[in-house]
Structure formats: C-alpha cells, structure tokens
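Colleague: Could you help me learn to read a structure, one feature at a time? I would like to begin with the ligand.

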Amino acid sequence: MADKYLELIGITTRFGDVEALQGVSLSVARGEVVCLIGPSGCGKSTLLRAANWLTPPNEGTVRLDGSVVGHAPQGRATAAQIRALNGHRARIGMVFQQFNVWPHLTALENVVRAQMVVLRRDKSEAEAKARQALADVGLSDKMDAWPERLSGGQKQRLAIARTLAMDPVLMLMDEPTSALDPELVAEVLAVLQRLAEIQMTMLIVTHELGFAMRVADRIVFMEAGGIVEQGPPQELLSNPRTDRLKAFLDKLSLTTLPKDREHAEI
Amino acid sequence: MKFDISYTIDALPRLLEGALVTLQVTLVGFVLSLSLATALTVMREANNVRWAHRALAVYISFIRGTPLLVQIFLIYYVSPVIGLDIGPYTAGILAITLNSAAFVVEILRGGLASVPSGQFEAASALGLKGPALWGKVILPQTFIASVPPLVNEFTQVLKASALLSTITIVELMRVSQQIFSRNYHPVEVLLGTFILYFLMCFAVSRSAALIEAKLELRRG
Ligand SMILES: Nc1ncnc2c1ncn2[C@@H]1O[C@H](COP(=O)(O)OP(=O)(O)O)[C@@H](O)[C@H]1O
Ligand SMILES: [Mg+2]
C-alpha cells in the first residue's frame with residue numbers, strides 16, 4: 001500500500017527496567033517527510049534505530065515496502081536473515097547527530113567505500129556516484145579533504161553524501177543538526193530541504209520546529225515511550241490538542257519560537 | 001688490557017650480519033604477533049563467549065607473569081619432547097610471537113576503546129558487516145590510534161630478541177659473543193653491539209615520529 005512504505009508495528013524496546021518504547025506503531029508513506037519531536041529521553045532515537053534494526057526491539061515488526069526488515073521476538077538470526085537485513089540497511093540511509101564520518105578516509109573515500117563493499121560497485125562507478133553525491137551536498141571542492149579538516153556542517157553533509165551514494169529509498173536522521181554550531185545549521189537544513197523537494201522519504205528527529213514546519217508533511221510528537229499526537233505541521237504546532245504537546249511547545253518556545261506560532265499567539 | 005677501537009671496527013661486518021638476523025626475527029615475530037593479537041581482539045569483541053574471554057585472560061596473565069627467557073626455553077626444549085621437530089628459529093620466533101601478542105592484545109584493546117561506538121553504528125547502518133566492517137572501518141582506526149605503543153612494542157621485541165642467542169640463533173648478540181669469546185676483547189665488541197642495537201631502536205622510533213605526523217590528519 002502506498003501510504004505504508006515504512007511500517008513500524010507495535011515496537012517495544014526495554015533497556016533493563018526502562019521501557020523506552022511501549023508498543024509504538026508508525027507508518028511513513030513513500031515520499032513523505034515525517035518529523036519526530038519530543039522531550040529528551042522520550043524514545044525518539046530508539047524508535048529511529050528500530051527502523052533499521054540497529055537497536056532491535058524486544059517486540060514488534062518493521063516492514064519496508066512490504067518486506068520484513070525485522071521481527072521480534074526472534075531466536076538467533078539465520079545467515080539468510082542477516083543477509084536480508086544488511087540488504088535493507090544498504091537501502092536505508094541513516095544520519096547521526098555525531099556525523100560518524102570515517103576519519104581515516106578522505107571525503108571521497110568515505111563515500112566510495114560502502115558502495116564498493118556493500119553494493120559491489122566497481123571503483124569507477126562508485127567514484128562517479130560519490131562525486132555526484134558530494135556535489136549534491138555542496139562539497140565538490142572537498143573531495144580530497146580529510147574529515148579532520150572539515151567543519152561540523154561539512155562533516156554532516158559528507159555523512160549525508162555517504163548515504164545518498166547508496167541510492168537510499170528511505171532516510172533516517174537523528175537530530176542531524178543538534179551537534180552543530182548555530183551558524184552551521186542552515187547549510188545542513190538546506191540539504192535536507194532539497195531532499196524533501198525531490199520526494200525522498202524521510203523520518204527525521206529534530207528540535208528545529210521552524211524547519212519541521214517548512215519541510216514536514218507530518219509531525220509526530222512523542223513522550224515517555226509513546227506517540228502522543230500527530231498531524232500536519234501547521235495544525236499540530238499552532239493548535240496542539242493535548243496538554244502535553246502544549247507544555248512541550250511552551251518550554252521549547254522559550255528558546256526557539258517558530259515564527260508562525262509567534263504570530264498565532266499574539 | 002688496553003681499549004683498542006680496531007677490534008670494534010674489525011667486528012663490524014659480522015656484527016652487521018647478526019643485526020640483519022635480529023631485524024629479520026624481530027620483523028617476522030612482530031608481524032605474526034600483530035596478526036595473532038588482531039585476530040584475538042576481533043574474536044574477543046565479536047563473540048561474547050565467556051570461556052573464550054577467560055582463556056584469553058589466562059593466556060595473557062601467564063605470558064605477562066613469567067620471564068620471556070623461560071618461555072623461550074620452554075618452547076625450545078619442550079617441543080621435541082611432544083614430538084614437534086621445530087628448529088631454534090621456529091621455536092624462537094614462536095616464543096617471541098606468543099609473548100608479544102599478549103602485550104599487543106592489550107595495546108589494541110586501548111586503540112579499539114578509542115574508536116567511538118558511532119563508527120560501528122554508521123558502518124552497520126550502511127550494511128557493512130563482519131570482515132568488511134572490521135577490515136575497512138574499525139581496525140584501520142584501531143591501528144592508527146595504536147601506532148605509538150605498537151612502535152614501542154616493536155623496539156621491545158627487537159631488544160628481547162637478544163635472548164634468542166641462548167637457543168643458538170645467530171643474531172646480533174650471539175655473533176657478538178662468538179667474536180669476543182675468540183678475541184678476548186669483550187669491551188670493544190660489546191661497544192659495537194651496543195651501538196648497533198641502539199641505532200636500530202633509534203631508527204625505529206624516529207620513523208615512528210614520521211608515521212605519526214603522516215597519520216595526524218587521519219584521526220577523528
Ligand atoms: N543503549 C541504552 N542503554 C540503556 N538505556 C538506554 C539506551 N538507549 C536509550 N536508553 C534509554 O531509553 C530511553 C529513550 O532514549 P532515547 O531513544 O535515546 O531518547 P531520545 O532520543 O528521545 O532522547 C531513555 O530513558 C534512555 O536513557
Ligand atoms: Mg536521541
């Protein structure tokens with residue numbers, strides 16, 4: 001079904017006594033951009049990391065385009081299951097708060113490596129792809145740079161290029177701009193906005209409400225391991241139905257007030 | 001007996017030959033040690049098998065808790081008894097390898113600890129697994145972080161290889177002994193030996209500084 005491209009069904013994740021996710025279900029349609037918001041520790045990262053089975057949940061199922069990415073609880077994974085999972089991961093791009101670019105490789109090599117190893121592309125094809133991906137994120141002039149020499153914004157754009165070169169069908173982003181100096185946030189958000197414009201399916205954890213308002217088709221508000229409220233950005237942010245979202249927005253607006261909301265309140 | 005530098009000079013060509021053997025056994029022993037330690041490190045990390053960890057811990061504490069000389073003798077004299085007909089070179093290199101690996105495992109543990117968990121995650125999220133994940137992403141960073149202690153370990157092995165003279169391996173120390181037991185000029189001959197050991201270690205640590213400078217940019 002078109003409106004259920006990525007399906008997270010009944011995801012429950014426990015860390016010891018902490019139940020980080022309590023049977024969360026969420027679907028993302030093809031080409032849809034969903035922003036996840038919510039207070040720190042509410043389970044946003046854990047949900048995102050369940051989507052590519054990076055943190056396998058205790059219970060629940062993840063499907064991508066109808067095929068099972070992971071299903072829990074499950075015994076020891078078979079070799080075939082591991083292969084299938086890695087096949088899925090190759091098509092699901094993930095962008096981390098801390099970039100996680102590979103410091104021992106140049107920018108170009110960062111983008112080339114996984115293509116060659118995982119997708120078995122030959123060197124010339126992988127390099128052509130990498131140059132294109134680096135150009136897409138505005139790093140054409142940094143091909144041969146070491147990550148050490150890049151700014152935070154450039155590192156994050158490199159990380160995005162690394163996943164783009166894999167021809168992802170879905171992008172998961174965990175606070176992609178939270179580790180950046182304020183003046184570097186815009187250049188990364190601009191890249192994400194372009195991805196949204198070309199209909200990349202994305203699930204983005206963010207605290208940038210202004211950005212979410214501009215690019216998201218839907219905003220999902222989480223709290224304490226569950227989804228509290230979701231809907232179109234404008235509607236959700238200017239007209240929160242639950243007290244919990246209201247409280248969250250009020251607290252957030254002390255620091256970063258999205259403009260539209262500011263006007264709505266006056 | 002007066003000090004006569006000409007005995008040092010006369011001994012030099014043969015001492016150099018011995019130094020070459022010293023370098024060879026050191027290099028072979030160190031490369032084997034690094035390979036073994038790398039395999040053990042990956043195994044320790046990848047399999048959460050309790051007994052494997054225990055076995056590794058016991059191995060490390062035995063090696064570190066006994067003199068290398070005893071280990072060399074043990075391997076050299078015990079191997080024929082248990083039916084292994086290995087000569088002194090194989091026995092000596094085996095002893096050096098097993099000894100050094102116990103230290104290199106600890107060095108690599110430190111190097112690995114400096115690789116952020118996000119590096120594993122990013123690689124896994126891209127679909128890398130097993131040998132590719134370790135070989136392309138984790139181990140290169142582990143080695144880069146471990147260069148200074150690894151170079152130090154190399155010089156330790158180089159110096160320790162002098163002990164192999166006791167099991168008839170004709171490396172620098174043994175050559176030196178052979179020469180002065182004949183010409184009765186130990187001081188002059190040992191001076192040459194001393195200088196050659198020092199130069200080898202010095203060259204190794206200097207080249208390490210160059211490698212370090214090269215690798216500086218490849219650190220996160
Ligand atoms: N690896 C982990 N081990 C133990 N607890 C964890 C781990 N990861 C997350 N948690 C806990 O799970 C809860 C949800 O965390 P997380 O998903 O990171 O929240 P968020 O991303 O919304 O800030 C928190 O209480 C956090 O402390
Ligand atoms: Mg988080």
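Colleague: Which element gives the most to the shell around ligand 1?

Modeller: In this predicted model, helix H1(A) gives the most, with three residues. H1 covers residues 44–51, and both H1 and strand S2 (18–28) of chain A supply at least two residues of the shell.

Colleague: Which residues surround ligand 1?

Modeller: Among them are A:Phe15, A:Val18 and A:Ala20, and also A:Gly41, A:Lys44, A:Ser45 and A:Thr46. By character, the shell divides into five nonpolar residues, five polar and one charged.

Colleague: How do I pick out polar contacts with the ligand?

Modeller: Look for pairs of N or O atoms within 3.5 Å. Here an oxygen atom of ligand 1 lies 2.4 Å from a side-chain N or O atom of A:Thr46. For the side chain of A:Ser45, the distance from such an atom to a ligand oxygen is 2.7 Å. A:Gly41 takes part through its backbone: one of its backbone N or O atoms is 2.6 Å from an oxygen of ligand 1.

Colleague: How much of the accessible area of ligand 1 does the protein cover?

Modeller: On its own, ligand 1 has 560 Å² of accessible area, and the protein covers 57% of that.

Colleague: Now to strands. How should I read the directions of their side chains?

Modeller: In a regular strand, side chains alternate between the two faces of the sheet. Take strand S8 (residues 202–205) of chain A: A:Met202 and A:Ile204 point one way, while A:Leu203 and A:Val205 point the other way. All four of these residues are buried.

Colleague: Which strands run parallel to S8(A)?

Modeller: Strand S3 (residues 33–37) of chain A does, joined to S8(A) by four bridges, and strand S7 (residues 170–174) of chain A is also joined to S8(A) by four bridges, again in parallel. Follow A:Leu203: A:Val34 stands opposite this residue, and A:Leu172 has A:Leu203 as its bridge partner.

Colleague: Where could I see an antiparallel pair?

Modeller: Try strands S4 (residues 59–64) and S5 (residues 67–72) of chain A, which pair in the antiparallel sense over five bridges. A:Thr61 stands opposite A:His71 there. Two residues lie between the strands of this hairpin, where A:Asp65 takes a positive phi near 50°.

Colleague: Finally, why is the radius of gyration of chain A said to agree with a compact globule?

Modeller: Compare two values: a compact globule with 266 residues would have a radius of gyration near 18 Å, and chain A has 19 Å, so the two agree. Buried residues make up 54% of the chain.

Methods: Residues numbered from 1 in each chain as written. Chains lettered and ligands numbered in written order. Predicted model: local features only at pLDDT ≥ 70, side-chain atom pairs only at ≥ 80, totals over all residues. Heavy atoms only, no water. Near = heavy atom within 4 Å. Polar contact = N/O pair within 3.5 Å; in protein donor to acceptor, adjacent residues only side chain to side chain. Areas by Shrake-Rupley, 256 points an atom, 1.4 Å probe, with all protein chains shown as cover. Nonpolar A, V, L, I, M, F, W, Y, C, P; charged D, E, K, R; others polar. Pairing = 2+ DSSP bridges. Rg over C-alpha atoms; globule rule 2.2 N^0.38 Å. Buried < 20%, exposed > 50% of the residue type's maximum accessible area, 1.4 Å probe, protein only.
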